[in-house]
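Let's take a walk through this structure together. Have the sequence and the 3D view open as you read.

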Amino acid sequence: CQRTVYSLGKVEDYAPSQLERIAKKLLELAGCRLEDIVKDDLKEIRRVNYGYALVIKHLWKKLRLDEWMRKINYKRRIRFDWLSSLELMISERLNDPCSKRSSFFHQTEYIGFGDSQIDLHHLYRTLDILSEEQSSLKKHLFTTQQSLFSSQLDVVFYDVTTLYFASEKEVESSIRQKGYSKDGKFHKTQVVLVLLVDKLRNPISYHIYKGNTYEGKTMIEALESLRKDYNIDKVIVVADSGMMNKDNLEFIEKQSSMDYIIGDRLRNLPEDVIDYLLSEENHKPLFSDSDDFTYSCLTYRNRRIICTYSEKRAIKDRNEREKLIAKAKKLLDNPSKLRHKNKTGTGRFIKQLSDEKFVLDIEKIILDERFDGYKAISTTSDLSIEEVLDRYGDLFEVEHTFRTLKSQLRIRPMFHWTDKRIEGHIAMCFIAYTMLNYLRLSTGMQIKEIVNTLDEMQLSEIQEGKVKETFFLRSSLSENQKKLINKLNIEIPRDVTSQHALNLLFK
């Protein structure tokens, strides 16, 4: 006979997670643990990461990349699962950047990327698609981010870097060429990468040029594309002095929708302008309670030139010059090495009197001292002095973006040889960075914190010895994991879950 001691209701009235909590509580009240009851019958088969797939699939929908991909699929009639291929490559780029071949072998370390193994050639074919669709991709991500962050595009930060390859071989028609390397890899082939970001470090667009392209020649095309392809009213372009040439300035000045804030080359200005900007009589303190930071301002050729003086910068300039002079004196003791020195580093303070005679260039040292602590910034905007300086100071946002691309995402060195694969690789990194920056803005966590948090989101596949059935145990949640989950409002696997439940979760 049966007797009901206590009724908890119908099983159908409870969600699986509620039943799980009830079972755990009953075991606790009985003084038992689940591990103690079944420990002899459990065997861990493998351990996999669920965090990357879960978060990337969430962001895929948040950034409406599913809509973009549907349009591409409809237009191109793509017959393979390039979504899973792209998700895997993005996960690897965030987690531990490596070659596409290594990513193929690492796919067993993740769960949630499709029901079958991803073929290696599908990874490469996915890069080809990204290359051919990069224009629509950039426009889509720009529009989506403007909507997500409700941010008016009023300032655009512009910068240029170089990405080198693990190769020294040049092919005439390829974008892979030798040129001036910002990484100091002058013997390597490279491409030039232009990046535009907003004040939140959201990427706006990027452009790829041949490795021997002078950075000053990249701006007009990039800004023309910005004006034509994006719906903007009025923007201020912020860039460093490397972009400062006549053609670039004239182009922006002719655009009714653009102004600029650009680092100016103070030493290249006419002498009377330099005298005015450096004169102590014309300098005013920016902050009323301190004379350590002052400025002067002069209108010259349709732009305002703001010349700032910082005592802290002056000390830094003096120290750097003294180090160069000390090195120059050592070189003077060994003239055979001087012929190989250029005029930008240590060689700038050395004068050659004859084939065999070199001396310190005292005149150049004195001239250099004159500019200690001074920096010039030009603008066509009507912003206040403080606002101009703040916007220019925010130029580090694009520098942070490049640093993330190069260090965390390791966008270079590249190991692709064709233009299409190179462009596809950069487009994939562009998506990965966009997602990473979204997580940074949404959670308030630092880049490395985010990556470490995702890396720790693990599942153990467990086999029960008697019946040979498997289930998954989720690792305990850290505070950062809880924070990320709550901020994104995503559902995670239960403490103990089945393969079927996981499949539903990753749909």
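What follows goes from the overall form to one helix, then to the charged pairs and the cysteines.

Keep in mind that this is a predicted model. Start by zooming out: the chain has 507 residues, and a compact globule of that length would have a radius of gyration near 23 Å, but this one comes to 29 Å. The box around its C-alpha atoms tells you about the proportions, at roughly 110 × 55 × 50 Å along the principal axes. Along the way the chain makes 19 helices and 15 strands. Take the contacts with a separation of 6 or more, and 66% of them are between residues 24 or more positions apart. As for cover, 47% of the residues count as buried. The accessible surface adds up to about 27000 Å², with 48% of that belonging to carbon and sulfur atoms.

Now pick out helix α16, residues 419–443. Its 25 residues should span 36 Å at 1.5 Å a residue, and the end C-alpha atoms are indeed 36 Å apart, so the two figures agree. Because 19 of those 25 residues are buried, α16 is largely enclosed by the rest of the structure. Just past the helix sits G444, which takes a positive phi of about 75°.

On to the charged pairs: the count is 27 salt bridges. A good one to find is K482 with E479, 3.6 Å from N to O. Both are in helix α18 (residues 479–488), 3 residues apart, or about one turn. Why does that spacing suit a pair? An α-helix has 3.6 residues a turn, so residues three or four places apart point the same way. K482 is partly exposed at 36% relative accessible area, while E479 counts as exposed at 59%. Elsewhere, salt bridges with shared partners tie K75, R76, E132, E133 and K420 into one network.

Within that group, look at R76 and E132, whose closest N and O atoms are 2.4 Å apart. This pair links distant parts of the chain, since R76 belongs to helix α4 (residues 65–76) and E132 to helix α7 (residues 120–132), 56 residues away. Both ends are partly exposed, R76 at 31% and E132 at 38%.

Finally, how many disulfides are there? The count is 0. For C98, the nearest cysteine sulfur is that of C429, 11 Å away, and a disulfide would need the two sulfurs within 2.5 Å. C98 is buried, at 18% relative accessible area. C307 is in no disulfide either, with the sulfur of C297 the nearest at 10 Å. C307 is buried as well, with a relative accessible area of 0%.

How values were computed. Residues are numbered from 1 along each chain as its sequence is written. This is a predicted model: local features need pLDDT of at least 70, side-chain atom pairs count only at pLDDT 80 or more; totals for chains, interfaces and linings use all residues. Side-chain values use heavy atoms; hydrogens and water are left out. Buried means under 20% relative accessible area, exposed over 50%, partly exposed in between (1.4 Å probe, protein chains only). Helices (H or I, at least four residues) and strands (E, at least two) are DSSP runs, numbered from the N terminus. The expected span of a helix is 1.5 Å times one less than its number of residues. The radius of gyration is taken over C-alpha atoms; the globule rule is 2.2 Å times the number of residues to the power 0.38. Contact means heavy atoms within 4.5 Å. Accessible areas come from the Shrake-Rupley method with a 1.4 Å probe; for residues, only the protein chains shown count as cover. A salt bridge is a side-chain nitrogen of Lys or Arg within 4 Å of a carboxyl oxygen of Asp or Glu.
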